[in-house]
Amino acid sequence: ELQAYADQQLVKAAQQLPSYSLVKRDKRTIAEQPAIQSDFTWSTPERVTVRQRQACLRHGDLVLVLTLTARDVAFPNYEPIWGQVIDSFRLRPITGH
């Protein structure tokens, strides 16, 4: 299930990233599919606060994770680009395995 996968990703991030903090988590639609989008921050060894956004969605048996990472102070500058990428994202039918 998508919710369980997104939860697992956040648990892993919290365990592995110094000073991890969940900023927000929302349900949304990407490419006409339900998705879960999570924003969180952490600190690098150089004490730079980084913010990451992960959007998880299913496509057949796959879970796709779209990611945006930037310095926390610069993150708002990338919001319009993220919106354009998400709005233009399309899934192709899965053919043969």
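1. Surroundings of F75. In this predicted model, F75 makes contact with D39, R51, Q52, R53, L68 and A70, once its neighbours within four places in sequence are left aside. The residue lies in helix α2 and is buried, its relative accessible area being 0%. One of its contacts, R51, is 24 residues away along the chain, yet the C-alpha atoms of F75 and R51 are separated by 6.8 Å.

2. Helix α2 as a whole. The helix that holds F75 comprises residues 75-88 and lies across β1, β2, β3 and β4. Relative to β4, helix α2 runs at about 155 degrees.

3. Chain composition. The protein chain contains two helices and four strands, and from the N terminus on these elements follow the order α-β-β-β-β-α. Of its 97 residues, 34% count as buried. Along the principal axes, the C-alpha atoms fill a box of roughly 45 × 30 × 25 Å. Among contacts between residues at least 6 apart in sequence, 35% join residues at least 24 apart; the contact between F75 and R51, residues which are 24 apart along the chain, is an instance of such a pair.

4. The sheet. The four strands form an open sheet, ordered β1-β2-β3-β4, with antiparallel pairing. Because β1 and β4 stand at the edges and each has a single partner strand, one side of each is left without a neighbour in the sheet. On average, neighbouring strands of this sheet are turned by 20 degrees against each other, direction ignored. As a general matter, strands of a sheet pair through backbone hydrogen bonds, in either a parallel or an antiparallel arrangement.

5. The β3-β4 pair. Ten bridges join β3 and β4 in the antiparallel sense. Two positions illustrate the register: Q52 has T69 of β4 as its bridge partner, and L57 stands opposite L64 in β4. Q52 is also among the residues in contact with F75. The hairpin of β3 and β4 has two residues between the strands, and in it G60 takes a positive phi near 65 degrees.

6. Helix α1: length and buried side. Helix α1 covers residues 2-16; at 1.5 Å a residue, its 15 residues should span 21 Å, and the end C-alpha atoms are 21 Å apart, so the expected and modelled spans agree. Which residues of α1 are buried? They are L2, A6, Q9, L10 and A13. These residues cover an arc of only 95 degrees around the axis, which puts them on the same side of α1.

7. Helix α1: packing. The buried residues of α1 pack against β1 (21-30), β2 (33-43), β3 (49-59) and β4 (62-71). The direction of α1, which packs on the sheet, makes about 5 degrees with that of β2.

8. H59. This histidine is found in strand β3. Is H59 buried or exposed? At 17% relative accessibility, H59 counts as buried, since the cut-off for that class is under 20%. Its side chain reaches the backbone oxygen of R92 at 2.7 Å. Not counting residues up to four places away in sequence, H59 touches L64, L91, R92 and I94. Of these, L64 has already appeared as the residue of β4 opposite L57.

9. A31. The place of A31 is in the loop between β1 and β2. At 18% relative accessibility, A31 counts as buried. With neighbours within four places in sequence left aside, A31 is in contact with F89, R90 and L91; L91 is also touched by H59. A31 and G83 are 52 residues apart in sequence, with 12 Å between their C-alpha atoms.

10. T41. Which residues surround T41 in strand β2? Beyond its neighbours within four places in sequence, T41 is in contact with S19, Y20, S21, V23, T49, V50, R51 and D72. T41 counts as buried, at 12% relative accessibility. R51 is listed among the contacts of T41 and also among those of F75.

Methods. Residues are numbered from 1 along each chain as its sequence is written. This is a predicted model: local features need pLDDT of at least 70, side-chain atom pairs count only at pLDDT 80 or more; totals for chains, interfaces and linings use all residues. Side-chain values use heavy atoms; hydrogens and water are left out. The expected span of a helix is 1.5 Å times one less than its number of residues. Buried means under 20% relative accessible area, exposed over 50%, partly exposed in between (1.4 Å probe, protein chains only). The arc is that of the directions from the helix axis to the C-beta atoms. Contact means heavy atoms within 4.5 Å. Two strands pair if DSSP finds at least two bridges between them. Axes are lines fitted to C-alpha atoms, for helices over the stretch in contact, and angles run from 0 to 180 degrees between N-to-C directions. A polar contact is a pair of N or O atoms within 3.5 Å; within protein, one must be able to donate a hydrogen and the other to accept it, and residues adjacent in sequence count only if both atoms are side-chain atoms.
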